[in-house]
Amino acid sequence: MHGKNVELSEAVMRFGDFTAVHRSNLEIEAGEFFSILGPSGCGKTTILRMISGFIEPSEGRILIGGEDMRGRGPNNRPTALIFQNLALFPLMTVWENVAFGLEARGVDKAARRKRAEELLALVDLAGQGGKKPTELSGGQRQRVAVARALAVEPSVLLLDEPLSALDLKLRQHMRSELREIQRKTGVTFVFITHDQGEALTMSDRVAVMNQGRVEQIGSADEIYLNPRTPFVATFVGQQNVFRGKVAGLDEGLAQVETSLGRFLGINGDGLGVGDDAMVFVRPERLGLVGRNGGAAPGNQLEAEVEGRELEGPFINMFLNAQGLPLTMHVTNSAEMPAQLAGRQKVGFRSEDALVLRAGDLADE
Amino acid sequence: MSAQSSENRVAQAILNGYLAVFFLYMFAPLIVMSLAAFNAYDYPSVTQWRGWTLKWFSALAEDDRILIGLQNTVVVALGVIVISLPLGLAGAFILTRLQSRWTGLLYAALVSPILTPGIILGISTLIFWRNFDVPGGLFLTVLAQSSFIASYSMLLFMARLQRQDRVLEEAALDLGGSNLLVFRRITLPFLYPTIATASVIAFLQSIENYNTTVFAIGGDWTLVTEIGSRFRFGLSPVINVIGVIFVVLTVVAATLYAYYRERERKRVLAIELELRAMDRQARLAAKRRGPEADETAVPLPARA
Ligand SMILES: Nc1ncnc2c1ncn2[C@@H]1O[C@H](COP(=O)(O)OP(=O)(O)OP(=O)(O)O)[C@@H](O)[C@H]1O
Ligand SMILES: [Mg+2]
């Protein structure tokens with residue numbers, strides 16, 4: 001089990017006139033925990049349904065383990081899908097649920113029962129096989145769904161926002177559980193979510209989608225530190241955004257003329273002079289000028305302090321720079337909290353700013 | 001204040017009066033009918049009271065035409081269930097699962113027997129089968145009754161199928177289930193309650209049916225057609241005895257049903273309470289695990 005497991009090659013999905021997934025390429029490695037992250041309606045479920053075989057792509061191909069899946073129904077693919085609402089069979093007991101895939105393969109009852117118990121033990125539900133799904137709690141149901149999918153020994157497990165129905169604490173708990181199960185089994189997980197925290201903490205790699213397009217694929221670090229489009233930059237984590245035009249270039253840096261002044265940042269898109277550009281700076285990379293010692297950053301501006309939110313280890317400062325709202329994180333150190341008010345000089349280093357071609361932002 | 005309470009009292013009195021009249025209207029005929037079954041008079045009556053007797057019960061036990069009629073009624077009703085349910089289910093599947101521009105037309109056609117007068121169903125069944133030399137009798141009665149009872153079954157199955165979560169079938173397919181297995185393990189069990197309801201309704205519709213049956217029954221008879229034909233010669237309290245028996249059966253069935261429903265409701269309630277406790281525990285456990293949960297820490301007091 002190595003090499004590519006799932007491959008979308010030039011896949012397109014149309015429903016009538018509406019294109020739910022634009023021409024997309026995706027390569028998922030065997031044994032990988034791969035997440036697809038994007039806002040509601042961007043086509044995540046559609047991609048999953050193409051991989052699992054409920055719908056055929058309008059164009060392009062889907063390969064699993066190097067084999068073209070065209071014409072093979074969901075019951076003939078080495079995938080198992082965990083549905084957005086779990087879809088446990090309400091009229092069967094928990095163990096019958098887990099063993100359904102084996103029943104479909106003609107395994108006899110005693111063997112089914114035994115295997116179901118093993119899988120239930122794997123997901124920490126030993127001895128619960130005799131219950132009905134309605135007699136389980138939310139987190140337990142979740143794990144039954146995982147066990148049921150694993151029973152058919154899929155080479156790929158597809159999970160469609162499986163945690164969205166759980167409350168916050170349980171979701172946290174299930175994150176690590178799922179990750180643990182994935183490590184134990186070595187099955188490729190394709191995990192869909194619109195929760196960036198989930199995607200970033202659990203995955204080996206993340207694909208960020210927007211309106212039917214895959215905008216970027218990379219590790220959590222790459223996605224967070226080197227977003228390649230304005231959408232990815234603003235969808236994942238918080239950003240301060242300055243709009244302007246490129247006024248000058250300097251060895252991988254671009255100087256952008258904005259209404260608040262000229263800012264120098266990393267030229268992420270290879271822009272030329274005169275191009276419409278956006279400068280992105282994370283709140284934690286914005287700082288008060290002359291506060292931390294060290295050299296003053298190259299990019300500076302003045303802003304009015306409008307409010308603060310204590311997050312514990314750091315403070316969220318809300319600033320206003322001539323009408324442009326900014327957010328800045330300051331470390332919660334002894335001298336910081338109370339005194340900050342009024343007009344302040346803030347700044348950021350050019351290596352902490354990213355300049356990209358102007359485009360659509362993720363709306364808050 | 002006192003005006004309001006007197007108004008309330010008036011409303012209450014009107015409501016009570018209404019209920020009294022309603023129950024009188026419902027039950028007076030039943031009471032009269034039942035009493036007449038125990039009257040030693042030769043005709044069903046309560047005004048001509050000749051003293052208590054049970055002789056009409058023994059008369060019923062010896063009335064062969066009634067007993068055979070009852071047996072025929074049950075045979076026909078079972079036959080109707082066997083034919084109507086599969087037909088109704090097939091129609092319901094076509095109408096709920098397949099979409100075409102003919103769906104509306106097909107629906108109208110399949111429901112139309114309910115709106116067709118029963119006499120016409122009976123006569124047309126008889127005339128149609130005469131071409132194949134099949135005479136009136138129990139078999140034709142089953143077919144004639146099924147022609148409209150199947151439509152009722154179809155409506156019941158449609159209502160159920162429309163509430164089905166299709167995702168369950170998809171999930172079963174995804175796990176490798178064949179269409180047959182998915183039907184047998186997922187769809188059919190989901191339909192069990194409706195199969196029970198549809199059977200009861202088909203049974204009841206069949207045993208009480210007169211209009212259609214009387215034409216299709218030929219030389220045979222059912223309980224209802226037998227009672228009907230006796231009207232011509234005047235009734236005997238034996239008929240009232242049948243009525244009493246049916247009333248008793250109905251009351252017993254309804255009581256049992258209510259009892260089991262209540263028990264089921266209590267069971268579900270108990271499970272729900274237990275689940276809530278379990279979720280609470282899971283949350284506490286997650287909390288105890290510590291740091292990993294910190295991300296959700298509630299932000300401290302907000303903006304200055
Ligand atoms: N069978 C279909 N027919 C027509 N349009 C569809 C169909 N399935 C999905 N769509 C459309 O495709 C788009 C993407 O849908 P999809 O279900 O993939 O979104 P999603 O990213 O999973 O969203 P969510 O996070 O809300 O589940 C939506 O605009 C949806 O309306
Ligand atoms: Mg979805």
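**Close-up views of chain A and ligand 1**

**Figure 1. The hairpin of β9(A) and β10(A).** Within this hairpin, N210(A) has R213(A) of β10(A) as its bridge partner. The model is predicted, so that local features require pLDDT of at least 70 and side-chain atom pairs pLDDT 80 or more, whereas totals for chains, interfaces and linings use all residues, and side-chain values rest on heavy atoms without hydrogens or water. Residues are numbered from 1 along each chain as its sequence is written, with chains lettered from A and ligands numbered from 1 in the order of writing. Strands (E, at least two residues) and helices (H or I, at least four) are DSSP runs, numbered from the N terminus, and two strands pair if DSSP finds at least two bridges between them. β9(A) and β10(A) are joined in the antiparallel sense over 5 bridges. Between the two strands lie 2 residues, and Q211(A) adopts a positive phi near 45 degrees in this hairpin.

**Figure 2. The six-stranded sheet of chain A.** This open sheet of 6 strands follows the order β6-β7-β8-β3-β9-β10 in chain A, and its pairing is mixed. The edges are occupied by β6 (79-82) and β10 (213-218) of chain A; each has a single partner strand, so one side of each lacks a neighbour in the sheet. On average, neighbouring strands of this sheet are turned by 20 degrees against each other, direction ignored. Angles here run from 0 to 180 degrees between N-to-C directions, the axes being lines fitted to C-alpha atoms, for helices over the stretch in contact. β7(A), residues 156-160, and β8(A), residues 188-193, are paired in the parallel sense over 5 bridges. T188(A) in β8(A) is the bridge partner of V156(A). Helix α1(A) lies across β3 (33-37), β6, β7, β8 and β9 (205-210) of chain A, and runs at about 150 degrees to β7(A).

**Figure 3. The four-stranded sheet of chain A and helix α1(A).** Chain A also has an open sheet of 4 strands in the order β2-β1-β4-β5, with antiparallel pairing. β2(A) and β5(A), the latter spanning 67-68, stand at its edges with a single partner strand each, so one side of each has no neighbour in the sheet. β1(A), residues 4-15, pairs with β2(A) in the antiparallel sense over 8 bridges, with E7(A) opposite E27(A) of β2(A). Helix α1(A) packs on this sheet by touching β1, β2 and β4 (59-64) of chain A, and its direction makes about 120 degrees with that of β1(A). Contact here means heavy atoms within 4.5 Å.

**Figure 4. The surroundings of ligand 1.** The residues around ligand 1 are F15(A), F18(A), A20(A), S40(A), G41(A), C42(A), G43(A), K44(A), T45(A), T46(A), Q84(A) and E161(A), each with a heavy atom within 4 Å. Polar side-chain atoms of T45(A) and Q84(A) lie 2.5 Å and 3.2 Å, respectively, from an oxygen atom of ligand 1. For T46(A), an N or O atom of the side chain is 2.5 Å from a ligand oxygen; the limit for such a pair of N or O atoms is within 3.5 Å. The elements giving two or more residues to this shell are β2 (18-29) and α1 (44-52) of chain A. The largest share, 3 residues, comes from α1(A).

**Figure 5. Strands β12(A), β13(A) and β20(A).** β12(A), residues 253-258, and β13(A), residues 261-267, pair in the antiparallel sense over 6 bridges. They form a hairpin with 2 residues between the strands, and T258(A) is placed opposite G261(A) of β13(A). β13(A) also pairs with β20(A), residues 353-357, in the parallel sense over 2 bridges. In this pairing I266(A) stands opposite L354(A) of β20(A).

Note on methods. A polar contact is a pair of N or O atoms within 3.5 Å; within protein, one must be able to donate a hydrogen and the other to accept it, and residues adjacent in sequence count only if both atoms are side-chain atoms.
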